[in-house]
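Open your viewer and keep the selection tool at hand. We will go from stop to stop, picking residues and looking at what surrounds them.

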Amino acid sequence: MLSAFVNVFKIPELRSRILFTLGVIIIIRLGSAIPCPGVNPNVLGEFFRTVVDQQAQGSVVGMLNLFSGGALENCAIFSLSVMPYISASIMMQLLTTVVPTLGKLAREEGGRQKLTQYSRLLTVLLCLFQGYLLSIGFENPESIPLLHGIHGVIEKLGSPLVPEPGWSFRLITMISLTTGTMLLMWLGEQITDKGIGNGVSLIITIGILARLPAGLVQGWSKLISPSSITASSPFLIALLLLFLFGVIATAVAMTQAMRKIPIHYAKQVRGNKIYGGQTSFLPLKVNYSGVMPIIFAQAILLFPSTMIGFLIPNSVVAARIANSLSAGSLYYALSVVLIFFFSYFWVATQFNPVQIADDLKKHGGFIPGIRPGAPTAEFLDYSMTRLTLAGAVFLSILAVLPMVVQNLLGIPAITAQFFGGTSLLIVVGVILDTMRQTETYLLQRNYDGFLKKRKVGKTAGAAIATNAVKERTLVWIYTFIGILVIAGITVSLFKK
């Protein structure tokens, strides 16, 4: 695997793509530190360090700051990140399945380009709307629950969050945030064309990973604080790290898990040649909907609590309802129900077994033991329903896991976010996709990939099997050595 990383820089095209991607990432991180005009970044930064990052339960503003890579903490021009563009793209994708006119446009030549233009226009509108709400919130931070606790920070520092409020500040903030999001969208497209990986997804992943050091520091300081030190603290930290590795490994396995439906193609005689007669498979992913059900569920649950705080800021009953919709047993139950619903909804809108069955029939393909046509569509629908159930159970456990870790260990929300939920799935999926694209370049130039070795000769099968056994053995040996090293470091730190 280490040789694969060395071989990456031996291919000129791949090397230039990686360097271009790294350069764009540097620009993105610089833009995340440039504050918008008219906002005091010291007040907002102190609020996040002393209030938001120390909360035992996650919050809306903490989640937004996580996906923006800390840009919201600085009130930077990239505070909205690319989330408005992703929201607009998801809305257009869902509308193509509901509105017949858009669905017909998507199937026409050049229709996808028009839908992309519509998504960009919708992104501008969403950016202006969200920028206006954010500017209103910055002008009156004590009146909304998103910035609850900032009043004490303002009194402590003795300076307001917005020194000169008014329409001039609102317009400048709206223009700055909208421009920042559109620039990020353009940079993401440049990464996709000239770099490596999916640009927009990679921007979100970099933002999430940028908060990882702060999460580790907050969790470490919480676990080794004098009030939490016990005799089992070193072993607790070691077990926590092992649990984190286990969660990541499970997320990787479930992201790649699929059921391979065998497909046979009938032989066709054309002249003196015989076509077909091949055997292939139809991959049905267990987690077909990806991270979308968790995003939809969190958005639906967070929207009422946020709007209640905006519309009824001083009501005790409204505050209790908003808190129950953002944390607690009711929040857990509603999250699971919504994740199951959106898992099946996404599969129903994106997976068309009738069309797949018709395409197989046209090309002479069939599933062994299943008649072509309607029986094939029913079989695919039945198989996908069972796979979606397993994927929904996995997503439900992964979504609730960070909250369980917070309640059991009392670690901050910024640390618990990396034990599951949306952030972990996004990071795992994007990194796997980037590694696949990189491995494609390596295999085309006859280099070894990250996980598989290429062998040529009569004993290729035996060599591949032997290498697979060696790789598994080395993985277990390195894992065991890593566990011993981590345990030794933690014990030595607590003995000092």
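A residue counts as buried under 20% relative accessible area, as exposed over 50%, and as partly exposed in between. Keep in mind that this is a predicted model.

Start by selecting Y288. Its relative accessibility is 30%, so Y288 is partly exposed. Now add F351: the two rings make an edge-to-face aromatic pair, 5.8 Å centre to centre with 80 degrees between the planes. Y288 sits in the loop between β4 and α13, and F351 in the loop between α15 and α16, so the pair ties together parts 63 residues apart in sequence. Unlike its partner, F351 is buried, at 9%.

Next, select F342 and F345. Their ring centres are 6.4 Å apart and their planes stand at 85 degrees, so this pair is edge-to-face too. Both belong to helix α15, three residues apart, or about one turn of the helix. F342 is buried at 10%, while F345 is partly exposed at 30%. Add F341 to see the cluster that ring pairs make of F341, F342 and F345.

Now move to helix α17, residues 374–409, and pick S396. Is S396 buried or exposed? It is buried, with a relative accessible area of 6%. Among residues more than four places away in sequence, S396 touches V336, I339 and F340.

For a surface view, select L236, V404, L408 and L409, which make a nonpolar patch of about 320 Å². Helix α17 gives the largest share, three residues, and L236 lies in helix α12.

Finish with two charges over rings: R170 over the face of W167, 4.8 Å from the ring centre, and K260 over the face of F281, at 4.9 Å.

Key. Residues are numbered from 1 along each chain as its sequence is written. This is a predicted model: local features need pLDDT of at least 70, side-chain atom pairs count only at pLDDT 80 or more; totals for chains, interfaces and linings use all residues. Side-chain values use heavy atoms; hydrogens and water are left out. Helices (H or I, at least four residues) and strands (E, at least two) are DSSP runs, numbered from the N terminus. Buried means under 20% relative accessible area, exposed over 50%, partly exposed in between (1.4 Å probe, protein chains only). Contact means heavy atoms within 4.5 Å. Patches are made of residues with over 30% relative accessible area and no salt bridge: like charges are joined within 9 Å, nonpolar side chains (Val, Leu, Ile, Met, Phe, Trp, Tyr) within 5 Å. Accessible areas come from the Shrake-Rupley method with a 1.4 Å probe; for residues, only the protein chains shown count as cover. A salt bridge is a side-chain nitrogen of Lys or Arg within 4 Å of a carboxyl oxygen of Asp or Glu. Rings of Phe, Tyr and Trp (its six-membered ring) pair if their centres lie within 6.5 Å; planes under 30 degrees apart count as stacked, over 60 as edge-to-face and the rest as tilted. A charge sits over a ring if NZ of Lys or CZ of Arg is within 6 Å of the ring centre and within 35 degrees of the ring normal.
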